[in-house]
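Hi,

Here is the structure I promised to pass on. Have a look at it first, and then read on for what turned up.

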Amino acid sequence: MWAWGYNDQGRLGDGTQTNRFAPVQVSGLSGVKAIAALQDHNLALKDDGTVWAWGFNLYGQLGDGTTTNRFTPVQVSGLSGVQSIAAGWAHSMAIAP
């Protein structure tokens with residue numbers, strides 16, 4: 001998975017807050033089958049049904065049990081078998097059995 005552009009709050013997932021004018025690889029992600037992105041945070045759904053999130057986390061929208069901004073993807077807690085994801089301004093959603 002690749003990202004580029006404005007990188008405040010680590011929203012590109014490359015471990016930095018450096019704006020990128022060319023694509024950089026999102027750290028540690030492979031087997032991604034879907035993504036959801038909004039203004040400040042991003043989600044990735046992997047082939048194994050897990051969800052990973054990174055970026056701004058003031059409202060807990062990354063789902064890792066904290067309000068810590070993440071500059072690289074972290075696994076969303078307590079989800080498996082996810083079929084679909086969506087990102088809102090300060091919230092995230094998933095469809096799972």
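One definition before anything else: a residue counts as buried under 20% relative accessible area, as exposed over 50%, and as partly exposed in between. Arg-70, with a relative accessible area of 25%, falls between those two limits and is therefore partly exposed. Please keep in mind that this is a predicted model.

Salt bridges

Since Arg-70 has come up, let's begin with the charged pairs. How many salt bridges does the structure hold? There are four. In one of them Arg-70 pairs with Asp-64, and their closest N and O atoms are 2.8 Å apart. Asp-64 has a relative accessible area of 15%, so this partner is buried. Elsewhere, Asp-8, Arg-11 and Asp-40 are joined into one network by salt bridges that share partners.

Within that network, the bridge between Arg-11 and Asp-40 has its closest N and O atoms 2.9 Å apart. This pair ties together distant parts of the chain: Arg-11 belongs to the loop between strand 1 and strand 2, Asp-40 to the loop between strand 3 (32-37) and strand 4, and 29 residues separate them. Are these two buried or exposed? Both Arg-11 and Asp-40 are buried.

Asp-14 and Arg-20 make a further salt bridge, with 2.8 Å between the closest N and O atoms. Asp-14 is buried because its relative accessibility is 15%, while Arg-20, at 24%, counts as partly exposed.

The loop between strand 5 and strand 6

Quite a few of the findings sit in this loop, so here they are residue by residue.

Asp-64 is one of the residues found there. Besides its salt bridge, Asp-64 has a side-chain polar contact of 3.3 Å with Asn-57. Leaving out residues up to four places away in sequence, Asp-64 touches Asn-57, Arg-70, Val-74, Gln-75 and Ser-77.

Asn-69 lies in that loop too, and with a relative accessibility of 27% this residue is partly exposed. Which residues does Asn-69 touch, not counting those up to four places away in sequence? They are Gln-9, Gly-55, Phe-56, Asn-57 and Leu-58. Two of these contacts can be described further. The side chains of Asn-69 and Gln-9 are joined by a polar contact of 2.5 Å, and a polar atom of the Asn-69 side chain lies 2.9 Å from the backbone nitrogen of Asn-57. Gln-9 itself comes from elsewhere in the chain, the loop between strand 1 (2-5) and strand 2 (20-25). Its phi is near 65°, a positive value in a residue other than glycine.

As for Leu-58, its C-alpha is 7.1 Å from that of Asn-69, with the two residues eleven apart in sequence. Leu-58 is likewise placed in the loop between strand 5 (51-55) and strand 6 (70-75). Its relative accessible area is 46%, so Leu-58 is partly exposed.

Gln-61 is another residue of this loop. What is Gln-61, buried or exposed? At 5% relative accessibility, Gln-61 counts as buried. Its side chain reaches the backbone nitrogen of Tyr-59 at 2.9 Å. Again leaving aside residues up to four places away in sequence, Gln-61 touches His-41, Phe-56, Trp-89, Ala-90, His-91 and Ser-92.

Nonpolar residues, outside and inside

On the surface, Leu-38, Leu-58, Tyr-59 and Trp-89 form a nonpolar patch, and together they have about 440 Å² of accessible area.

Inside, the largest nonpolar core is made of ten residues: Ala-36, Leu-43, Leu-45, Val-51, Ala-53, Leu-62, Val-76, Val-82, Ile-85 and Ala-87. Which elements give two or more residues to this core? They are strand 4 (41-46), strand 5 and strand 7 (84-87). A core of seven residues lies apart from the largest one, and Ala-3, Leu-12, Val-26 and Leu-29 are among its members.

If you want one core residue to start from, try Val-76. Setting aside neighbours within four places in sequence, Val-76 is in contact with Val-51, Trp-52, Ala-53, Leu-62 and Gly-63.

Over to you, and happy browsing!

Conventions. Residues are numbered from 1 along each chain as its sequence is written. This is a predicted model: local features need pLDDT of at least 70, side-chain atom pairs count only at pLDDT 80 or more; totals for chains, interfaces and linings use all residues. Side-chain values use heavy atoms; hydrogens and water are left out. Patches are made of residues with over 30% relative accessible area and no salt bridge: like charges are joined within 9 Å, nonpolar side chains (Val, Leu, Ile, Met, Phe, Trp, Tyr) within 5 Å. Accessible areas come from the Shrake-Rupley method with a 1.4 Å probe; for residues, only the protein chains shown count as cover. A salt bridge is a side-chain nitrogen of Lys or Arg within 4 Å of a carboxyl oxygen of Asp or Glu. Helices (H or I, at least four residues) and strands (E, at least two) are DSSP runs, numbered from the N terminus. Buried means under 20% relative accessible area, exposed over 50%, partly exposed in between (1.4 Å probe, protein chains only). A nonpolar core is a set of buried Ala, Val, Leu, Ile, Met, Phe, Trp, Tyr and Cys residues joined through side-chain atoms within 4.5 Å. Contact means heavy atoms within 4.5 Å. A polar contact is a pair of N or O atoms within 3.5 Å; within protein, one must be able to donate a hydrogen and the other to accept it, and residues adjacent in sequence count only if both atoms are side-chain atoms.
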